[in-house]
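Dear colleague,

I am handing over the structure we spoke about, and you will find it just below. After it come my notes on what was found, grouped by element.

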Amino acid sequence: MNVPVAVRMLLWPLSQLYGVYVRCRHALYDKGWRKPRRLKATVISVGNLTVGGTGKTPMVLWLAEKFLAKGKKVAILTRGYKGSGGSSDEIELLKRRLAGKVVFGIGPDRFASASRLQAENAIDVFLLDDGFSICKLARDLDIVMLDGSRSLSDEWLLPAGSLREPIAACRRADLLVVSRKCEKPVVGGGDAVTIPTFCAQTRLIGFQKFGRDADTKDHGDLGPGPFLAFCGIGNPGAFFDDLSRWHVPVVEKKVFSDHHKYSSKELQQLQSCSEACGAVGLVTTEKDAENLPVADFRLPIWIAVID
């Protein structure tokens with residue numbers, strides 16, 4: 001979250017007020033003055049401390065696949081951020097990858113969504129997407145995702161910075177998963193975290209051509225390139241770094257806002273830019289593919305399929 005220093009200073013008082021609010025809200029539950037509500041099934045939360053991408057959706061997908069492989073009945077609870085009509089790009093991505101094997105509870109009140117699902121389905125495991133900051137719903141396991149490529153030591157709370165909670169809040173977690181660059185996290189006061197910490201890295205499964213069959217092709221099937229890479233996700237730099245790590249030749253990069261819904265005009269502009277810079281195709285993320293309109297393209301758009 002790149003906020004100019006002058007703007008950060010102006011927003012600093014609001015960040016302090018926000019910090020007081022967050023600490024007081026959690027204190028009500030920590031001291032037992034308010035009680036979180038508990039579901040019958042196991043609840044596992046996947047959350048983070050910052051705005052922007054840390055890999056929550058791939059982790060939820062990975063966990064769902066693991067539990068399904070064990071024969072468990074899985075439900076995913078999600079707010080459906082920046083979605084409409086009871087869905088969002090992330091929900092559609094999960095539905096497509098999980099092929100109807102899980103049920104979804106969508107809405108801001110996760111307990112109410114889960115209660116409705118429990119009344120209609122036999123659920124073994126609830127996966128709570130982006131649930132670390134939720135106080136009202138009890139969890140059996142709190143997983144916090146951290147982006148190891150970003151230093152949080154100098155980061156500020158919202159709205160002056162990207163922190164949704166103070167760094168020390170990660171002490172509430174049961175597991176920490178550090179993505180992209182594995183380093184032992186440090187909490188407030190310079191103390192190293194003693195919570196079990198694991199490393200994760202995005203793995204490329206292959207590429208699918210947008211608007212065509214769902215067959216996944218190997219990297220070598222794309223040809224020598226080069227490509228224009230574009231995305232509208234929380235951490236676009238991570239996607240571009242992954243393409244470099246996967247040895248996908250990129251001649252141009254275009255960044256849009258997170259959850260951006262592309263218009264036909266924007267896609268035509270991307271196609272024209274690709275042709276102007278000598279790209280033989282475009283490459284984007286699975287989440288972006290859910291926000292692309294159906295249209296005919298002069299150059300192929302390849303979707304990077306990951307886990």
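Contact, as the word is used for packing here, means that heavy atoms lie within 4.5 Å of each other. The model is a predicted one, and the notes should be read with that in mind.

With that definition of contact in place, helix α2 is a convenient place to begin. Its buried residues are Lys 56, Thr 57, Met 59, Val 60, Leu 61, Leu 63 and Ala 64, and these pack against the strands β1 (42-48), β2 (74-78), β4 (125-129), β5 (141-147) and β6 (175-179), as well as against α3 (89-98). The length of α2 can be checked, because 14 residues (56-69) at 1.5 Å a residue should span 20 Å, and the end C-alpha atoms are indeed 20 Å apart, which agrees. The helix is followed by Gly 71, which has a positive phi near 85 degrees.

Strand β1, one of the elements against which α2 packs, has six of its seven residues buried, so it is largely enclosed by the rest of the structure. Five bridges join β1 to β4, and the two strands run parallel; within this pairing, Ile 44 has Leu 127 of β4 as its bridge partner. The pairing of β1 with β5 is likewise parallel and extends over five bridges, with Asn 48 standing opposite Met 145 in β5.

Elsewhere there is an open sheet of five strands, in the order β8-β12-β11-β9-β10 and with mixed pairing. Strands β8 (204-209) and β10 (250-255) stand at its edges, and because each has a single partner strand, one side of each is left without a neighbour in the sheet. On average, neighbouring strands of this sheet are turned by 25 degrees against each other, direction ignored. The edge strand β8 is joined by five bridges to β12 (residues 301-306), the two running antiparallel, and Gly 206 stands opposite Val 305 in β12.

Which backbone angles deserve a closer look? Most residues other than glycine have a negative phi, and most peptide bonds are trans. Against that background, I would list the following:

- Leu 158 and Pro 159 are joined by a cis peptide bond with an omega of about 0 degrees, and Pro 159 is found in the loop between β5 and β6.
- The peptide bond from Gly 225 to Pro 226 is also cis, with omega near 5 degrees; Pro 226 is found in the loop between β8 and β9 (227-231).
- Asp 130, in the loop between β4 and β5, is a residue other than glycine with a positive phi, near 55 degrees. Its relative accessibility is 19%, so Asp 130 counts as buried, the cut-off being under 20%.
- His 259, in the loop between β10 and α6 (264-276), has a positive phi of about 65 degrees although it is not a glycine. With a relative accessible area of 7%, His 259 is buried.

A final note concerns a side-chain contact. Ser 87 is found in the loop between β2 and α3 and is buried, with a relative accessible area of 14%, while its side chain makes a polar contact of 2.4 Å with the side chain of Glu 92.

With best regards

Conventions. Residues are numbered from 1 along each chain as its sequence is written. This is a predicted model: local features need pLDDT of at least 70, side-chain atom pairs count only at pLDDT 80 or more; totals for chains, interfaces and linings use all residues. Side-chain values use heavy atoms; hydrogens and water are left out. Helices (H or I, at least four residues) and strands (E, at least two) are DSSP runs, numbered from the N terminus. The expected span of a helix is 1.5 Å times one less than its number of residues. Buried means under 20% relative accessible area, exposed over 50%, partly exposed in between (1.4 Å probe, protein chains only). Two strands pair if DSSP finds at least two bridges between them. Axes are lines fitted to C-alpha atoms, for helices over the stretch in contact, and angles run from 0 to 180 degrees between N-to-C directions. A polar contact is a pair of N or O atoms within 3.5 Å; within protein, one must be able to donate a hydrogen and the other to accept it, and residues adjacent in sequence count only if both atoms are side-chain atoms.
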